[in-house]
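Biologist: I would like a close look at a single part of this model, together with whatever surrounds it. Please go slowly, and explain each term when it first comes up.

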Amino acid sequence: SDFFEKNQIDTVFVFGGTNDSWSNAPLGEIKYSDWEDADLYFVLPAVCYFLNLIKQTLPQAQIYCLVNTDLKPEIASCMKNACEKYGITPVPFHKIAKNCGHPTIQGMKDIKESVLSVLNK
């Protein structure tokens with residue numbers, strides 16, 4: 001598709017990893033390059049692959065990776081480290097009001113405030 005050639009994308013927000021964490025998906029090992037298809041069945045190398053792909057596809061865009069609360073520590077750490085590796089801005093959340101793991105109305109406001117605090121720096 002030529003979507004990215006026809007549309008100017010200047011800001012991207014990535015918010016993922018929660019379902020992988022909840023489902024106990026296999027973590028694998030962090031791998032920052034030279035991925036093989038088999039690597040992408042594991043969370044940690046897939047996170048790196050995905051963030052790298054976004055950066056390569058949209059090198060001029062400002063990319064923000066939203067890091068949810070209550071993730072497995074390995075996933076949260078991988079997201080933050082991959083952000084540093086690929087020049088992506090992490091937005092780690094510290095407190096989000098949730099009900100059964102999902103943001104409440106207040107939780108959505110908490111997410112908004114976390115994102116704005118990074119955008120307004």
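Modeller: Let us take helix α3, whose buried residues are covered by elements that include β1, α2, β2 and α4; contact here means heavy atoms within 4.5 Å, and helices (H or I, at least four residues) and strands (E, at least two) are DSSP runs numbered from the N terminus. This is a predicted model, in which local features need pLDDT of at least 70 and side-chain atom pairs count only at pLDDT 80 or more, while totals for chains, interfaces and linings use all residues. Residues are numbered from 1 along each chain as its sequence is written, and side-chain values use heavy atoms, with hydrogens and water left out.

Helix α3 has 15 residues, which at 1.5 Å a residue should span 21 Å, and its end C-alpha atoms are indeed 21 Å apart; the expected span is 1.5 Å times one less than the number of residues. Buried in α3 are Val43, Leu44, Pro45, Val47, Cys48, Leu51, Asn52, Ile54 and Lys55, where buried means under 20% relative accessible area, exposed over 50%, and partly exposed in between (1.4 Å probe, protein chains only). With a relative accessible area of 0%, cysteine 48 is buried.

Next, consider the strands beneath this helix. Helix α3 (residues 43-57) lies across β1 and β2, and runs at about 170 degrees to β1; axes are lines fitted to C-alpha atoms, for helices over the stretch in contact, and angles run from 0 to 180 degrees between N-to-C directions. Another helix, α5 (residues 105-119), packs on the sheet too, touching β1, β2 and β3, with a direction that makes about 145 degrees with that of β3.

The sheet itself is open and has 3 strands, in the order β1-β2-β3, with parallel pairing; two strands pair if DSSP finds at least two bridges between them. Because β1 (11-15) and β3 (89-92) stand at the edges with a single partner strand each, one side of each is left without a neighbour in the sheet. From one strand to the next, the twist averages 25 degrees.

Strands β1 and β2 pair in the parallel sense over 5 bridges, and within this pair threonine 11 stands opposite glutamine 62 in β2, while cysteine 65 of β2 is the bridge partner of valine 14. On the other side, strand β2 (residues 62-67) is joined to β3 by 4 bridges, and there tyrosine 64 stands opposite threonine 89, while valine 67 has proline 92 as its bridge partner. In β2, 5 of the 6 residues are buried, so this strand is largely enclosed by the rest of the structure. In a regular strand the side chains alternate between the two faces of the sheet. In β1, Val12 and Val14 form a covered face, whereas Thr11, Phe13 and Phe15 form an uncovered one.

The relation between α3 and α4 can also be read from the side of α4. The buried residues of α4 are Ile75, Ala76, Cys78, Met79, Ala82, Cys83 and Tyr86. They cover an arc of only 160 degrees around the axis, which puts them on the same side of α4; the arc is that of the directions from the helix axis to the C-beta atoms. What covers them includes α2 (18-22), α3, β2 and β3, while the face of α4 turned away from its buried side carries the exposed residues Pro73, Glu84 and Lys85.

Cysteines appear in both helices, and a search of the whole structure finds 0 disulfides, a disulfide being a pair of cysteine sulfur atoms within 2.5 Å. Cysteine 48 is in no disulfide, and its nearest cysteine sulfur, that of cysteine 78, is 3.9 Å away. For cysteine 83, the closest cysteine sulfur, in cysteine 65, is 4.0 Å away, too far for a bond.

One last place to look is the loop between β1 and α2, where glycine 16 lies. Glycine 16 is 31 residues from valine 47 in sequence, yet their C-alpha atoms are 8.8 Å apart in space. Not counting residues up to four places away in sequence, glycine 16 touches Leu66 and Met79, and with a relative accessible area of 26%, glycine 16 is partly exposed.
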